[in-house]
Amino acid sequence: MTAATALIEARLTEPLTVPEIAKAAGVSHNHLTRLFRAATGETVVGYIRARRMERARHFLRATTLSIPAVAASVGVPDLQAFNKACRRELGASPRGIRTAGPAPRDSSAR
């Protein structure tokens, strides 16, 4: 799990596949899926999506990067897909998240 999450964090802006992550972690695709489900309660893809959206929320609130630049910086270069992901995962549009104000200080951030 540690190797897999480290790879995900290091390459969050790049396209990632479960088999690629499993190979880097030295486990099978199915075993990695089971490990992630047991440790996080979600799938590998769900974990990647959640991490990207957490980072997007931070960038939207704490920087002045344009929304397309934020989307690209979290590995979602398609603006329409980014808007949908924000609404689904964060409950608001990127602009709505940005106008909500600065991100609160959170010492437990990953």
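This report covers one helix, an aromatic pair, a buried valine and a pocket in a predicted model.

## Helix α4

Helix α4 runs over residues 44-62. The helix has 19 residues, which at 1.5 Å a residue should span 27 Å. The C-alpha atoms at its ends are 27 Å apart, so the expected span and the model agree.

Much of the description of α4 concerns burial. Its buried residues are Val44, Gly46, Tyr47, Ile48, Ala50, Arg51, Arg52, Met53, Ala56, Phe59 and Leu60. Two arginines, Arg51 and Arg52, are on that list. The cover over these buried residues includes α1 (2-10), α2 (18-25) and α3 (29-40). It also includes α5 (67-73), α6 and α7 (94-99). In an α-helix, residues three or four places apart point the same way, because there are 3.6 residues a turn.

## The aromatic pair

How many aromatic pairs does the structure hold? There is one. Phenylalanine 36 and tyrosine 47 form this pair, with an edge-to-face arrangement. The ring centres lie 5.2 Å apart, and the planes meet at 65°. That angle counts as edge-to-face because it is over 60 degrees.

The pair links distant parts of the chain. Phenylalanine 36 sits in helix α3 and tyrosine 47 in helix α4, eleven residues apart. Are the two partners buried or exposed? Phenylalanine 36 is buried, and tyrosine 47 is buried as well.

## Valine 18

Valine 18 belongs to helix α2. Its relative accessible area is 13%, so valine 18 counts as buried. The cut-off for buried is under 20%.

Which residues does valine 18 touch, leaving aside those up to four places away in sequence? They are His29, Leu32, Thr33, Val44 and Val45. Of these contacts, Val44 is also one of the buried residues of α4. Alanine 6 is twelve residues from valine 18 in sequence. In space, the two are 14 Å apart, C-alpha to C-alpha.

## The second largest pocket

The second largest pocket holds about 200 Å³ of space. Its lining has 13 residues, and those closest to the centre are Val45, Ile48, Arg49, Arg52 and Val76. Two elements, α4 and α6 (79-90), each give two or more residues to the lining. Helix α4 supplies the largest share, with five residues.

What is the chemical make-up of this lining? Eight residues are nonpolar, two are polar and three are charged. Val45, named among the residues closest to the pocket centre, is also a contact of valine 18. Ile48 and Arg52 are likewise close to the centre, and both are buried residues of α4.

Definitions and conventions
Residues numbered from 1 in each chain as written. Predicted model: local features only at pLDDT ≥ 70, side-chain atom pairs only at ≥ 80, totals over all residues. Heavy atoms only, no water. 1 Å grid on protein atoms, 1.4 Å probe; cavity = no way out; pocket = protein on both sides within 12 Å on 5 of 7 lines; lining within 4 Å. Points joined across faces, edges and corners; volume = space filled by probe spheres on them. Helix = DSSP H or I, 4+ residues; strand = E, 2+ residues; numbered from the N terminus. Nonpolar A, V, L, I, M, F, W, Y, C, P; charged D, E, K, R; others polar. Expected span 1.5 Å × (residues − 1). Buried < 20%, exposed > 50% of the residue type's maximum accessible area, 1.4 Å probe, protein only. Contact = heavy atoms within 4.5 Å. Phe/Tyr/Trp six-rings, centres within 6.5 Å; stacked < 30°, edge-to-face > 60°.
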